[in-house]
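Me: I'd like a close look at a single part of this model, the place where the ligand sits. Could you walk me through it and then through a few other spots?

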Amino acid sequence: MRELQTRPISKGLGNFLSYEKNESGIDIKTSFGNLAVSFFTEKVAQVWAYHGTKQEDFSYAVVGKPEKVNFSLADSSESLLLATSAMKVSVHKSPVRVVMTDLNDQVINEDETGLGVQWINDQVNCYKKLQEGERFLGLGEKNGPLDKRGRGYINWNTDAYAYSPDGDPLYCTVPFYIGIHHQKIYGIYFDNSYRSLFNFGASNDRFASFSADSGEMKYYFIAGDSVADVIKSYTYITGRMPLPPLWSLGYQQCRYSYYPDKEVLRVAENFKERDLPGDAIVLDIHYMDAYKIFTWDKKNFPDPKGLIEKLKSLGFHVVLMCDPGIKIEEGYEPYESGKKEEVFIKYPDGVNYSGQVWPGWCHFPDFTKPAAREWWADHFKEYVALGAEGFWNDMNEIATWGNMLPDLMEFDFEGRKTSTREGRNLYGMMMARSTYEGTKKLMNKRPFNLTRSGYAGIQRYAAVWTGDNVAYDAHMLAGVRLVNSMGLSGMAFTGYDIGGFVGNTDEKLFARWMCIGAFSPFFRGHTMINTRDSEPWSFGEKVEEISRNHMKLRYRLMPYLYSLFFDAAKTGMPINRSLAIYHPFDSKIYDHQYHNQYFFGPSILIAPVESNKDLVKVYLPEGNWYDLLTDHPHQGNQDIVADCPIDHLPVYVKGSAIIPMKEKAGQNTSDFGDVLELHLYRGDVYNDFTLYEDDGISFEHEKGAFAKRKIMYTPEKNELTILDKEGTYVSPYKKVNIYFHGFSNLNQATINGQLQKIEWKEYRFVQPISNYDPVNTVPEGLKINSLPSISTNYGTEKINISW
Ligand code: GLC
């Protein structure tokens, strides 16, 4: 008979016994374990509960260095109080509980009094009191509403083929969330890669919690003045995106798969023939010989170098599919060398793990082993020599048929050794890291790196797309929310398969997806094997025209977009910004009618909508707004009903916005033309925008070869100022045209004191869609009837415009 259980089922930290102060915080001994609180920055505290001896502070996610923080410490009979210039942490003594407050002693976040930290066998848990009205955002690639209150999520990277728009878990793990309540904003990053569980008040009315199957209860508490500030601290901890090549921001055409080589070329030629901008062609698994990585199918791709060169001459870069499974096949070099160099994941008895994926039975490199990463990185020599510039890390959850990588597999973990339980969620990120580091070194320019699976910090190595989505409206909108959520979680360069991967897209859905996708950081059309064609021209003339309009609009916005990428690289701010970034306390933005809306950069509000709707309710937050396509003004703080026929989306520009654009879309991203446009939108508040340019491909910008210009709008002075250029890069623009939106009574304007001629003209961001009936009348389309503008040389010196 099983003995009666006499010990407690779960164990907490117990009561305070003693403490020691150190340089960055304190170490507290408790009746059951220890609690260490150390300041990482003024606004970030690492909280670490453990029993036994403190483990080494090892993490693949954390790359930021702790700063020297001045803090005060006060000891009373009830608690220990630590304070920096930005936050306070008080540790209650009996039992030991942590409370974070602001400088006015208002609670930001606190342990649930009865629960706090608990161990249930190996499982580590931290229970936080659910605050009244508290909202929860983030966790990276997680489905569901913007505000995740009342939901629970699992982190266990999964090959989630054709997931439902509410499905969980997906491909990535980002154990970081943002909490919002009572004018307070904070973030918590749980630094534990075991399978973890986040509960935001699901099935209970007491707590929000985070737990992991094993490992450390170690988390970073981030106090912030704003959501942007929390993202900045989180990306200080886990790193930021390096600037990707400019071409990777252009349109990328993909399908599973284009072959033979002639078909690939035809796809590329179509872009030019049809006057559609494009920058990349993606080769999915059929370029390989029987799906074996680092090989080419000799029949369908006899001359990869020639093909890549031809594509280059057409203005296209090539992205190659890279799968981690190495086919078990004698004589196949990666198999032979991988076996010899012991790079594969092993069972505890030393046998290499075998699982089935595209090529059949495979071994899998252990990317947590430095030598395996090097081995993998070296194998890119040939791809790079052939001229490939983009690399697509797929199936890296790890995906194997059966989806059950055994728990007992051994991972090297930089020599520390661990099992699947701790290693699995890191696999995708470590593969992406190895590919990125390898190709960067070999190419000596910026590679484009894309991944399906990732972990906190993945932004340092790769863009992430949302995997195998499905061709229907609800999935399209779920993709928008996933991208918004990833943006809140440090991942700025993200996107979804436009048109939907699984299933057949119809005309309207494709058109709508294109309009939305044009305002997404990663812009790629993709579809599965044996589905109908899914290129911008595959759905008839009307859809092609709608696609052309939106592709061109995105290309014209490239100066704005690339500057946003620069901002993301510097501060972690995402490209697609959930409304929660600017309006966290406006309850309307969380309403499910509006929670898909987002800002594309600071000034453009996108209202994504299903393909079968012609009218939609849009919420405009506080401020004044303009319809992008017509300049029609709207007051904020209200919902409006907007037209959304299939040829366009409701898109609004914020008052005081400054939007730099190219005059012409060009054939690809390196086609700049020499005219820059600056669109200024009348508003009441000061605003500025930093326009950033560089050569878009090399690392010379790190040595000062960039062109940076701050553009400032001061409404009370009626002034727009373009500051002197910083940096040594020579901008391609010779002329700048300044457009004044919402200034219907503009009479005169001066540039550096000189009176200017104001031109009034009709202006279009998109072209009218042809009427294909036999009478063939040309419709009016959407336009701005009369827009004032002035024009001057762009130069490098300060330009002062006033009116
Ligand atoms: C996976 C990818 C998909 C790709 C396919 C074939 O399902 O998610 O994008 O096309 O594999 O490589």
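How many residues surround the ligand, and which are the closest?

Reply: Happy to take you through it. Please keep in mind that this is a predicted model. In it, 13 residues surround the ligand, and the closest are Asp 284, Asp 394, Arg 452, Asp 468 and His 526. By type, the shell around the ligand divides into eight nonpolar residues, one polar and four charged.

Let's go through some polar contacts. Asp 284 has a polar side-chain atom 2.5 Å from an oxygen atom of the ligand. For Asp 394, a polar side-chain atom lies 3.0 Å from a ligand oxygen. Arg 452 takes part as well, with an N or O atom of its side chain 2.8 Å from an oxygen atom of the ligand. As for cover, the ligand taken alone exposes 310 Å², and the protein buries 98% of that.

You may wonder about confidence. The chain has a mean pLDDT of 97, and 99% of its residues reach 70 or more. Among the elements, strand 1 (residues 11-12) has the lowest mean pLDDT, 95, while strand 32 (residues 463-465) has the highest, 99.

Now to helix 9, which spans residues 507-517. Nine of its eleven residues are buried, so helix 9 is largely enclosed by the rest of the structure. Those buried residues are Leu 509, Phe 510, Ala 511, Arg 512, Trp 513, Met 514, Cys 515, Ile 516 and Gly 517. What covers them includes two helices, helix 8 (473-488) and helix 10 (541-556), along with strand 34 (497-498) and strand 37 (598-600). At the start of helix 9, a side-chain oxygen of Asp 506 comes to within 3.2 Å of the backbone nitrogen of Lys 508.

One more spot to visit is Asp 102, found in the loop between strand 9 (97-101) and strand 10 (107-110). With a relative accessible area of 17%, Asp 102 falls under the 20% cut-off, so this loop residue counts as buried. Its side chain reaches the backbone nitrogen of Gln 106 at 2.8 Å. Leaving aside residues up to four places away in sequence, Asp 102 touches Lys 88, Ile 108 and Lys 184.

To return to where you began, the ligand has Asp 284, Asp 394, Arg 452, Asp 468 and His 526 as its closest residues, and the protein buries 98% of the area that the ligand exposes when taken alone.

Notes: Residues are numbered from 1 along each chain as its sequence is written. This is a predicted model: local features need pLDDT of at least 70, side-chain atom pairs count only at pLDDT 80 or more; totals for chains, interfaces and linings use all residues. Side-chain values use heavy atoms; hydrogens and water are left out. A residue is near a molecule or strand if one of its heavy atoms lies within 4 Å of it. A polar contact is a pair of N or O atoms within 3.5 Å; within protein, one must be able to donate a hydrogen and the other to accept it, and residues adjacent in sequence count only if both atoms are side-chain atoms. Accessible areas come from the Shrake-Rupley method with a 1.4 Å probe; for residues, only the protein chains shown count as cover. Ala, Val, Leu, Ile, Met, Phe, Trp, Tyr, Cys and Pro count as nonpolar, Asp, Glu, Lys and Arg as charged, and the others, Gly among them, as polar. pLDDT is the predictor's confidence in each residue, from 0 to 100. Helices (H or I, at least four residues) and strands (E, at least two) are DSSP runs, numbered from the N terminus. Buried means under 20% relative accessible area, exposed over 50%, partly exposed in between (1.4 Å probe, protein chains only). Contact means heavy atoms within 4.5 Å.
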